[in-house]
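Good morning, and thank you for coming. Please look at the sequence and the structure as they appear on the screen.

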Amino acid sequence: MPELPDLEAILHNLIPKVKGNCIEAVQVFRPKRVFPTSEEFVAGLVGEVVGEVQRQGKFTLFLLAGGATLSIHLMLHGEMDWVSSSQAPEKSTVAALRFKGDQELRFLDRAGWMRLTYLPPGGLQNYAELRSLGPDPLEAAFTSSYLQKMLQSYPGTVKFVLMEQRLVNGIGNAFSDEILFCARLLPTRKSRDLNAQERDLLAKCIPDTLRWATAQSIQGMSAGIRGEVRSYLRVHGKGGQPCPRCPGKIIRFELEGRGAYFCPRCQH
Ligand SMILES: [Zn+2]
């Protein structure tokens, strides 16, 4: 699933392509993934000019010049691609926005969970899905005292606190593993049991890991917007491989139905 660093890298490459450009045509291939209805989605977007493009949690938002918004949630397997309109659409194409020069922004989803939502002018302020999001871990509101409160408020494991979008947005399975590796914490630790030193290191590791990962993802994607770069990760998906920090070996452990990766030697 695309997480904060993946989405930041996608936006880095997507913004120069779409910002200030008019959506000349819209095609919907999978009406069930488009909201509120396929007809309203097309009618609302055609002729609109894309203004600012923002990320909020795992949502990408196109703020349109007329005051409306396009909200994109890629969910588990969604992707965006930037192609010539002459290229035949892939089977998994959900929708396509055509821009000048016959370039298209295509939304693809082999799993069928992506959500593309047209919000009319004023709709963004009342969009319930965004209002329930916790603070962005790269913004000033995410202070170490907030983190402390957040860890105390939840009885579960520290990995699941990091992944809880109501408490902090944009972090999922992959980058929670990377943050915990940085903080030398086992994913199975209870969030309420961390001592002051561990909390301080975690507070530093959250933004440090996400900024490092964003830079790595931008580099790995070159100018593209499709997919996600995972090759640089240190522990997530690296089961059986040597730990990059100590002589230990990374293991995979099933934690509440998700695969957690960590080094049992240098994470405590
Ligand atoms: Zn290690």
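I begin with a single pair of residues: in strand 8, the bridge partner of A96 is R106. Before going further, I should say that this is a predicted model, in which local features need pLDDT of at least 70 and side-chain atom pairs count only at pLDDT 80 or more, while totals for chains, interfaces and linings use all residues. Residues are numbered from 1 along each chain as its sequence is written.

Two conventions apply from here on. Helices (H or I, at least four residues) and strands (E, at least two) are DSSP runs, numbered from the N terminus. Two strands pair if DSSP finds at least two bridges between them.

The A96 pair belongs to strand 7 (residues 93-99) and strand 8 (residues 103-109), which run antiparallel and are joined by 6 bridges. Helix 2 (residues 38-45) packs on the sheet, where it touches strand 1 and strand 7; contact here requires C-beta atoms, placed from the backbone, within 7 Å. The direction of helix 2 makes about 165° with that of strand 1. Such angles run from 0 to 180 degrees between N-to-C directions, with axes fitted as lines to C-alpha atoms, for helices over the stretch in contact.

The sheet as a whole is open and antiparallel, with 4 strands in the order 1-7-8-6. Why does one side of strand 1 (25-28) and of strand 6 (78-84) lack a neighbour in the sheet? Both strands stand at the edges and each has a single partner strand, so one side of each is left free of a neighbour. On average, neighbouring strands of this sheet are turned by 15° against each other, direction ignored.

I turn to the other sheet. It is open and mixed, with 5 strands in the order 2-9-5-4-3. Its edge strands are strand 2 and strand 3 (50-56), each pairing on one side only. Helix 1 packs on this sheet, touching strand 3 and strand 4, and its direction makes about 180° with that of strand 3.

Strand 2 (residues 34-35) pairs with strand 9 (residues 115-119) in the parallel sense over 2 bridges, and F35 stands opposite T117 there. Strand 9 is also joined to strand 5 (residues 69-73), antiparallel, by 5 bridges, with T69 partnered by L119. Strand 5 in turn pairs with strand 4 (residues 59-64) in the antiparallel sense over 5 bridges, where S71 is the bridge partner of L61. Helix 2 lies across strand 2, strand 5 and strand 9, running at about 60° to strand 9.

Next, the domains. An automatic or database domain assignment supplies the bounds, dividing the protein chain into domain 1 (4-121) and domain 2 (144-262). Their C-alpha centres lie 29 Å apart. The contact takes 15 residues from domain 1 and 17 residues from domain 2. On the side of domain 1 that touches domain 2, helix 1 (4-18) and strand 6 are the elements giving two or more residues. Helix 1 provides the largest share of that side, 9 residues.

Finally, the interior. The largest nonpolar core has 59 residues, and L116 and F262 have the most contacts inside it. Such a core is a set of buried Ala, Val, Leu, Ile, Met, Phe, Trp, Tyr and Cys residues joined through C-beta atoms within 7 Å, and buried means that 20 or more other C-beta atoms lie within 10 Å of the residue's own. This core draws at least three residues from each of domain 1 and domain 2.

Methods. Contact = placed C-beta atoms within 7 Å. Buried ≥ 20, exposed ≤ 12 C-beta atoms within 10 Å, placed from the backbone.
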